Amino acid sequence: MPSLSTAISLALLASGILASPVSIDVVLARRQAASSSKNGKAAYVLTNGEENAIAAVAIRANGKLGKASVTKTGGCGSSTVDAQGKIALPDALVGQSALTIAGQVWVHGGNDNIFAVNAGSNTISMLAISAEDPLLLTPVGTPAALPGTFPNTIAASAKNGLVCVGTTGSKSGISCGTFDTVTGIGQMDALRPFDLGQSDPPVGPTNTVSQTFFSEDESMLFTTVKGDPMVNKTGFLSVFSVQSGAASLSPNASANACGEAVVAGGAPAQLSIEETRSSPPGTAVLFGSAPILGTSPPQIFATDASFGAGILTLSPDMSSTLTAKQAIADQKATCWATISALTKTAFVTDVGINRIVEMSLQDASILNTIDLSKETPDPGLIDLRAAGGFVYALSPGNGTTPAAISVVDVRSKKLVQHAKLGKIGVGATAMGMAILI
């Protein structure tokens with residue numbers, strides 16, 4: 001049975017990419033360059049319903065959304081509850097990155113893969129995205145069982161063949177497993193606990209896991225965790241290093257007598273069990289984040305629902321400090337963030353205000369406020385992603401207002417489309433936003 005790295009190398013050999021050595025840094029640079037100029041091919045949203053599914057919506061050449069499909073994940077969705085025990089909507093999963101895509105760095109002409117959390121069944125799913133039709137998703141293997149409860153955020157590294165998930169229920173923490181394009185996700189490893197003292201389902205939005213995501217070079221896994229200022233509980237940034245293995249791309253791949261790619265062997269990549277945890281002074285409710293590309297030392301643009309957003313800078317020991325802070329006036333809960341490679345700025349959203357705020361990656365200052373309140377009926381916006389010249393922002397609605405995606409031009413700062421999702425079964429429980437480039 002071919003391994004991930006074997007499948008990768010076969011695809012690369014077929015396309016001629018391995019005719020000369022290609023370093024990991026070069027491929028990562030190519031990804032950054034491509035993401036700044038290319039519009040997306042499709043947008044993906046998790047329905048997070050009782051029977052969980054991924055809604056895929058095609059992106060046209062002009063950046064607008066077109067036809068759609070819905071594919072079941074094989075798992076169940078769920079929602080957090082509020083202090084009174086009522087289902088908390090919108091923002092059912094109190095996190096960012098309920099979906100993620102991996103594979104587009106290495107495999108040119110092959111399948112990308114999308115990963116999703118199933119909060120109600122404590123599993124994660126992997127589906128292949130057809131290279132011919134980005135709306136065609138095919139489950140790979142079966143949903144992987146987790147040692148934790150209530151998964152709400154997921155990250156995948158094509159470089160390491162590693163998928164990691166954050167859980168925020170009674171068993172909260174981080175767990176990882178390897179994946180390949182034939183068998184799917186392998187057995188998940190032991191939970192690296194956060195000990196939040198939560199329940200199933202968890203009571204949110206504070207005192208919960210926010211987002212897990214890999215660093216730019218995929219050598220570290222970051223996780224933001226919300227504190228609870230009402231009880232003087234501090235949030236934190238968690239950092240685990242990746243111990244590299246055979247899943248990394250080898251520039252020296254060759255073919256054997258049968259025409260099969262031969263890649264240097266070794267143990268699979270895995271996430272360290274040694275954690276660096278820091279609570280940067282000035283933060284309280286860290287939420288959605290994104291690594292700022294090309295920074296040394298590494299920097300993270302992070303929202304904080306207690307004030308707005310800022311920039312975290314990592315020290316050599318992997319602890320973090322808040323080196324830029326920007327309060328957002330009249331904010332209710334600034335929680336989600338994305339970075340546009342085209343404008344080299346960040347965009348953030350608020351679940352309680354129908355607007356998108358553009359912010360600087362140098363000092364987190366506010367550059368523009370894109371007020372959508374007179375153009376769409378959305379009560380607020382949550383998960384968002386930038387691709388090419390556009391930002392795609394999800395509003396799951398509130399049960400009476402339908403779910404929709406707002407498409408905004410990052411240069412003109414104008415709304416170009418408001419695409420309603422109700423007809424394809426996306427409602428108030430919806431979470432996540434991933435874009436195929």
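**Buried and exposed asparagines, cores and cis bonds**

Mentor: At 2% relative accessibility, Asn48 counts as buried, where buried means under 20% relative accessible area, exposed over 50% and partly exposed in between, with a 1.4 Å probe and protein chains only. This is a predicted model, in which local features need pLDDT of at least 70, side-chain atom pairs count only at pLDDT 80 or more, and totals for chains, interfaces and linings use all residues. Residues are numbered from 1 along each chain as its sequence is written, and side-chain values use heavy atoms, with hydrogens and water left out.

Trainee: What is the phi of Asn48?

Mentor: Asn48 is found in the loop between β1 (42-46) and β2; strands (E, at least two residues) and helices (H or I, at least four) are DSSP runs numbered from the N terminus. Asn48 is a residue other than glycine, yet its phi is positive, near 55°.

Trainee: Is Asn122 buried, exposed or partly exposed?

Mentor: Asn122 sits in the loop between β5 (112-118) and β6 (123-129), and has a positive phi of about 55° although it is not a glycine. With a relative accessible area of 25%, Asn122 is partly exposed.

Trainee: Which strand gives the most to the largest nonpolar core?

Mentor: A nonpolar core is a set of buried Ala, Val, Leu, Ile, Met, Phe, Trp, Tyr and Cys residues joined through side-chain atoms within 4.5 Å. The largest has 78 residues, and those with the most contacts inside it are Tyr44, Ile124 and Tyr392. Six of its residues come from the strand that gives the most, β2 (residues 53-59).

Trainee: Which residue does a cis peptide bond join to Leu89?

Mentor: The partner lies in the loop between β3 (65-72) and β4 (99-102). With omega about -10°, the cis bond joins Leu89 to Pro90.
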